[in-house]
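Hi,

Here is the structure I promised to pass on. Have a look at it first, and then read my notes below.

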Amino acid sequence: MEKSSNIVPTMLPADYRPCEAEEFMNPMQLLYFRKKLEAWKAELLDDASETITGLSQENLHQPDQMDRAQIESNAALDLRTRDRERKLLQKIEAALRRIDDGSYGYCVETDEPISLRRLEARPIASLSLHAQERHERMERVHRDDWTSTIINSLLFWIKDLRDFFKQLM
């Protein structure tokens, strides 16, 4: 599996879509995904600018407490959304770096090609579908282990409290 690291600056036809019949991650496919990622990045940055402008223009000096609470609630929601988008921007930047270094389209764990359908749906994907599923299963196992530990600790604590109160009576 040879990874292409140089993107030939070429015109991308407007109706171009990567297909399985082509060489995987050829210059056209890399250019297609670069443009897709850059457009997504620009959209997120525009949204962030609009949020900043909107928050700076919000009038928190509303006489009605309900109006002020609604404005603050909306602002908090906008900020949470922008924080998620900030993390998404970091993933987009990482994907663009992978295009530059020639590793885009290949799973970071297995080095196998990521399917074009997956990249089309999620151009920031860095794991193949199988590697992603394995990763999610491991997260679930660790989360379930952690949850079990917390629940067992709480149960022991409750039992100790019950014993303590029995002694008081």
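Asp111 sits in the loop that runs between α2 (65-101) and α3 (116-121). Keep in mind while you look at this loop that the model is a predicted one. The backbone at Asp111 caught my eye: phi is near 65 degrees, a positive value in a residue other than glycine. As for cover, Asp111 counts as partly exposed, at 31% relative accessibility.

There is another residue of this kind. Met25 is not a glycine, yet it has a positive phi of about 55 degrees. You'll find Met25 in the segment before α1 (27-57). Is Met25 buried or exposed? Its relative accessible area is 1%, so Met25 is buried.

Now the aromatics. How many aromatic pairs does the structure hold? The count is four. One of them is Phe24 with Tyr106: the ring centres are 5.2 Å apart and the planes stand at 85 degrees, so this pair is edge-to-face. Phe24 belongs to the segment before α1 and Tyr106 to the loop between α2 and α3, so the pair ties together parts that are 82 residues apart in sequence. The two partners have their own levels of cover. Phe24 counts as partly exposed at 21% relative accessibility, while Tyr106 is buried with a relative accessible area of 4%.

Tyr32 and Phe33 make an edge-to-face pair too, because their planes are at 80 degrees, with the ring centres 5.1 Å apart. Tyr32 is buried, and Phe33 is buried as well. Both also belong to one aromatic cluster, made up of Tyr16, Tyr32, Phe33 and Tyr104.

On to the charges. The salt bridges come to eight, and three of them are worth a walk-through.

Start with Asp100 and Arg34, whose closest N and O atoms are 2.3 Å apart in a salt bridge. Since Asp100 is in helix α2 and Arg34 in helix α1, this pair ties together parts that are 66 residues apart in sequence. Asp100 is partly exposed, with a relative accessible area of 49%, whereas Arg34 is buried, at 16%. If you click around there, you'll also come across Glu38: Arg34, Glu38 and Asp100 are linked in a network of salt bridges.

Next, Lys41 forms a salt bridge with Glu93, and here the closest N and O atoms are 2.3 Å apart. Lys41 lies in helix α1 and Glu93 in helix α2, so this contact ties together parts that are 52 residues apart in sequence. Lys41 counts as partly exposed at 24% relative accessibility, and Glu93 is partly exposed with a relative accessible area of 27%.

Then there is Arg134 with Glu109, a salt bridge in which the closest N and O atoms are 4.0 Å apart. This pair links distant parts of the chain, with Arg134 in helix α4 and Glu109 in the loop between α2 and α3, 25 residues apart. Arg134 is partly exposed, with a relative accessible area of 38%. Glu109 is partly exposed too, with a value of 49%.

What about disulfides? How many does a search of the whole structure find? Zero. For the cysteines you may want to look at, Cys19 is partly exposed, with a relative accessible area of 34%. Cys107 counts as buried, at 2% relative accessibility.

Last, the surface. Which residues form a nonpolar patch there? The patch consists of Ile150, Leu154, Trp157, Ile158, Leu161, Phe164, Phe165, Leu168 and Met169, and together they have about 980 Å² of accessible area. Leu154, one of these residues, is found in helix α4 (residues 129-168). Why can Leu154 be part of such a patch? Members need over 30% relative accessible area, and Leu154 is partly exposed at 46% relative accessibility.

That's what I have. Shout if you'd like to go through any of it together.

Cheers

Notes
Residues numbered from 1 in each chain as written. Predicted model: local features only at pLDDT ≥ 70, side-chain atom pairs only at ≥ 80, totals over all residues. Heavy atoms only, no water. Patch = residues over 30% accessible without salt bridge, like charges linked within 9 Å, V, L, I, M, F, W, Y side chains within 5 Å. Areas by Shrake-Rupley, 256 points an atom, 1.4 Å probe, with all protein chains shown as cover. Salt bridge = Lys/Arg side-chain N within 4 Å of Asp/Glu carboxyl O. Helix = DSSP H or I, 4+ residues; strand = E, 2+ residues; numbered from the N terminus. Buried < 20%, exposed > 50% of the residue type's maximum accessible area, 1.4 Å probe, protein only. Disulfide = S-S within 2.5 Å. Phe/Tyr/Trp six-rings, centres within 6.5 Å; stacked < 30°, edge-to-face > 60°.
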